[in-house]
Amino acid sequence: MPGCNNMFFVYASALAYIGIADNSRLHTGCPDFWNCVANYYRRNKTGVTVLDQALEPSRSNRSKWETTGTQAHNWLFRRSYKVNAGTAFTRYLQLDITQQQGLFQDQAARIGETKKTHESLAVKLRNKHAGSIMFGKVDPVDLIMRLAFTSDRTDIGQGLVSQWTHTLQMWHVMKLDGVTDLELLFAALIHDVGKMVSFLEDDSLSDGCSTGLNYDDLPDGAGMANITLPFDHHDFGADKFRKYVSPRVYRLLRYHCFVDLAQDDPRLKRVMNERDTYYVEDIKQFMVYDQLSKSMWLMPNVDMLEIRSVMRKFLPPLIVF
């Protein structure tokens, strides 16, 4: 059995053994899991809606939050409790929000430094994974939900929010901005599937953004396709989906966090060809939705059934990943 499917196979087998995965043996309120998930992510009364006024924070609620402080599970601190003095847990309890953020930033910096050490292996690593099979045949709707098991440990603006939640946040803000381009919305749903390379490799080969490595070796107009990027989730995801998606979506997957493009690097402009320039504004707008949708606090308010419908529109029932 290929790649990481072993873990999911064992889990499904265990559920089937005890009858949870067998609807004939156990009545359940969620015969269609996706419908139940849809209820969770559609909060008409409490979620952020497309109404502008819904984006205005409640002053009374905000002041209440500010006065109660930022400790997690405040109810616990109104009760007496005991921990073993001198253990790692006591030190854990003493970390305030600033210290927690500092530890995250230190981790992000270490990952960034390690990423640089892998630059010389970029082509080798890309070739290695381009021909590999991770899960085998998988329902693409199920595939994107597996993003719930990973996060970007370099993303200060998002912390340890899962890539699944980030994906839904991106869809949400695109809807808020009135996006009706289904192909662009579809690209948002799959843009970070490459983050699942973190199941196989170090975080430095998954997280973060990209810059070009071989400008000096390329002639004018050589094209962005010939630029070598540090191997990470961009190439991993784009290569896996290339045979299933349009050239436009492929470019959005590969360049959605391409720093040189965002900063109008003159080296990149020299290398781009006419075809590349056609897609530049499209990719930059996609970057806006990707980066500015990130939040540790805002719950995405989305129609999951619509999301499933869009996935089905652009992809077959099973893909090889």
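1. A salt bridge is taken here as a side-chain nitrogen of Lys or Arg within 4 Å of a carboxyl oxygen of Asp or Glu. By that criterion, a search of the whole structure, which is a predicted model, returns 19 salt bridges. Side chains of opposite charge can pair when their charged atoms come close. Three of the pairs and one network are taken up below.

2. The pair E113 and K116 forms a salt bridge with an N to O distance of 3.6 Å. Both residues belong to helix α5 (residues 97-117) and sit 3 residues apart, about one turn of the helix. E113 is partly exposed at a relative accessible area of 48%. K116 has 51% and counts as exposed, because the threshold for exposed is over 50%.

3. K115, also in helix α5, pairs with D232 in the loop between α9 and α10, so this bridge ties together parts that are 117 residues apart in sequence. The N to O distance is 2.9 Å. Are the two partners buried or exposed? D232 is buried, at 0% relative accessibility, and K115 is buried too, with a relative accessible area of 12%.

4. K175 and E306 form a salt bridge at 2.6 Å, N to O. K175 lies in helix α8 (residues 163-176) and E306 in helix α15 (residues 304-314), so this pair ties together parts 131 residues apart in sequence. Both ends are partly exposed: K175 has a relative accessibility of 27%, and E306 has a relative accessible area of 26%.

5. Some charged residues go beyond simple pairs. R126, D235, D239 and R254 are linked in a network of salt bridges.

6. Helix α5 has 21 residues and spans 31 Å from its first C-alpha to its last, close to the 30 Å expected at 1.5 Å a residue. Which residues of α5 are buried? They are F104, A108, I111 and K115. These residues cover an arc of only 60 degrees around the axis, which puts them on the same side of α5. The face turned away from the buried side carries the exposed residues T98, R110, K116 and T117. The two salt-bridging lysines of α5 thus divide between the descriptions: K115 is among the buried residues, while K116 is among the exposed ones on the face turned away.

7. The whole structure has 1 disulfide by the same kind of search. It joins C209 to C257, with an S to S distance of 1.6 Å. The pair links distant parts of the chain, 48 residues apart: C209 is in the loop between α9 (182-190) and α10 (233-241), and C257 is in the loop between α11 (247-255) and α12 (259-262). C209 is partly exposed at 36% relative accessibility, whereas C257 is buried with a relative accessible area of 9%.

8. The largest nonpolar core has 62 residues. Those with the most contacts inside this core are I190, I227, F241, F258 and F321. Which element supplies the largest share of the core? That element is α9, with 7 residues. Leaving out residues up to four places away in sequence, I190 touches I144, F241, V245, V249, L253 and M311.

9. E183 is another residue of helix α9. Neighbours within four places in sequence aside, E183 is in contact with S246, R248, V249 and F314. V249 also appears among the residues touched by I190. E183 and V245 are 62 residues apart in sequence, with their C-alpha atoms 9.6 Å apart in space.

10. D203 lies in the loop between α9 and α10. This residue counts as buried at 17% relative accessibility, because the cut-off for buried is under 20%. Residues up to four places away in sequence aside, D203 touches I111, R153 and S198. Of these, I111 is one of the buried residues of α5.

11. L298 is in the loop between α14 (274-292) and α15. With a relative accessible area of 53%, L298 is exposed. The C-alpha atom of L298 is 8.0 Å from that of Q169, although the two residues are 129 residues apart along the chain.

How values were computed
Residues numbered from 1 in each chain as written. Predicted model: local features only at pLDDT ≥ 70, side-chain atom pairs only at ≥ 80, totals over all residues. Heavy atoms only, no water. Disulfide = S-S within 2.5 Å. Helix = DSSP H or I, 4+ residues; strand = E, 2+ residues; numbered from the N terminus. Buried < 20%, exposed > 50% of the residue type's maximum accessible area, 1.4 Å probe, protein only. Core = buried A, V, L, I, M, F, W, Y, C linked by side-chain atoms within 4.5 Å. Contact = heavy atoms within 4.5 Å. Expected span 1.5 Å × (residues − 1). Arc of directions from axis to C-beta.
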